Amino acid sequence: MLTDANRRLVTVAALALVVLAFAPPALAGVVVTREFRSAALERSWTYAVYLPTGYEASNLRYPVLFLLHGNAGNLYQWVNQGRIQQTADALIASGDIPPAVIVMPDAGTSWFVDRKEKMETAVITELIPDVEKSFRVLKSREGRLVGGRSMGGYGAMRFALKYPEMFAAAAVLSPAIYNPEPPENSSARTVGVFGAPVYDASVWKSLNYPALWEGYLAKKNPVPMYINSGDDDDFFIEFEAVQFYELLRKNKQPAELRIVNGTHDWQVSESTIGDALKYIFRFSARPAMTTPTR
């Protein structure tokens with residue numbers, strides 16, 4: 001038989017189960033998709049957008065991160081393989097980063113340059129304005145960040161160096177920024193971007209960071225950069241990451257470097273994106289009230 005004490009314990013446990021059953025779900029952001037017509041690409045173009053908890057009910061403008069995928073990836077790669085939604089939710093909930101919008105464009109194998117198609121032009125002159133028109137994001141450099149992995153890390157690095165007046169900070173993750181040239185097993189040699197149908201070293205070198213360096217320094221607008229790589233990267237990107245970091249440091253440019261255990265896989269990116277976000281959002285503006293309209 002149950003004693004009175006045991007009956008009370010059973011009752012408390014049952015009530016706890018009822019409370020749990022009807023408790024509201026944990027706060028979480030959402031991922032939506034937007035499509036628009038790109039004149040630069042001469043086609044429709046789609047991007048995914050992470051919206052933080054409370055976005056719909058607020059009248060705030062949020063900082064925005066443009067997060068770029070790797071070679072042959074797509075707009076959902078950071079969501080499905082990088083778990084960016086869960087990471088952003090947790091960091092916002094803990095206060096480690098401010099509520100923010102994260103934009104993830106679909107870029108195929110473009111390497112974010114104007115070669116196979118005008119992807120660089122599309123990002124800078126069309127994607128950013130479309131995001132600012134369609135979502136409540138801050139429209140200043142201080143409210144705009146860029147990041148990416150592998151091909152996307154190469155793209156984020158180029159955008160930060162070429163357009164430092166546009167971005168407050170950059171996350172350059174396992175970046176395919178090979179100097180002087182990509183290794184033989186790199187897709188940069190086979191995608192038809194850096195020379196078609198045959199890879200051309202002069203094309204690669206004309207677009208890589210050494211060609212952008214002096215122009216970047218001349219603008220005197222430093223972009224803090226978070227750089228990382230696995231220590232057993234399939235393309236020896238740990239060497240490239242250290243080389244690029246040393247160049248930044250020697251020129252008194254703000255930067256952080258992390259070499260972590262792993263290869264050129266999503267486990268490295270998924271496990272380090274939180275650390276990268278904490279760093280780059282240190283340089284970002286906070287959400288701000290929108291101007292009321294009649």
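Tutor: Let's start with a term: a residue is buried under 20% relative accessible area, exposed over 50%, and partly exposed in between. Also keep in mind that this is a predicted model.

Student: OK, so how does arginine 43 count: buried, exposed or partly exposed?

Tutor: Arginine 43 has a relative accessible area of 28%. Buried needs under 20% and exposed needs over 50%. Because 28% fits neither, arginine 43 is partly exposed.

Student: Which residue forms a salt bridge with arginine 43?

Tutor: The closest N and O atoms of that pair are 2.9 Å apart, and the cut-off is 4 Å. The pair links distant parts of the chain, 74 residues apart, with arginine 43 in strand S2 and its partner in the loop between S5 and H4. At a relative accessible area of 24%, that partner is partly exposed. It's glutamate 117.

Student: How many salt bridges does a search of the whole structure find?

Tutor: Side chains of opposite charge can pair when their charged atoms come close. Here the pairs include arginine 34 with aspartate 130, where the closest N and O atoms are 2.6 Å apart. For the whole structure, the search gives 12.

Student: How many residues apart in sequence are the parts that arginine 34 and aspartate 130 tie together?

Tutor: Arginine 34 is partly exposed at 24% relative accessibility, while aspartate 130 is buried at 6%. Arginine 34 sits in strand S1 (residues 30–38) and aspartate 130 in helix H4 (residues 119–134), so the salt bridge ties together parts whose separation in residues is 96.

Student: Which residues do salt bridges that share partners join into one network?

Tutor: Besides its bridge to arginine 34, aspartate 130 meets the side chain of lysine 133 in a salt bridge (3.7 Å, N to O). Lysine 133 and aspartate 130 both lie in helix H4, three residues apart, about one turn of the helix. Lysine 133 counts as exposed, at 64% relative accessibility. The network is Arg34, Asp130 and Lys133.

Student: What about arginine 158 in helix H5: buried or exposed?

Tutor: Leaving out residues up to four places away in sequence, arginine 158 touches Phe112, Val113, Glu120, Tyr163, Leu207 and Leu212. Its relative accessibility is 2%, so arginine 158 counts as buried.

Student: Last one: which residues of helix H3 are buried?

Tutor: Helix H3 covers residues 84–94. Its buried residues are covered by elements including strands S2, S4 and S5 and helices H2 and H9. Just after H3, glycine 95 takes a positive phi of about 85 degrees. The buried ones are Ile84, Thr87, Ala88, Asp89, Leu91 and Ile92.

Notes:
Residues are numbered from 1 along each chain as its sequence is written. This is a predicted model: local features need pLDDT of at least 70, side-chain atom pairs count only at pLDDT 80 or more; totals for chains, interfaces and linings use all residues. Side-chain values use heavy atoms; hydrogens and water are left out. Buried means under 20% relative accessible area, exposed over 50%, partly exposed in between (1.4 Å probe, protein chains only). Helices (H or I, at least four residues) and strands (E, at least two) are DSSP runs, numbered from the N terminus. Contact means heavy atoms within 4.5 Å.
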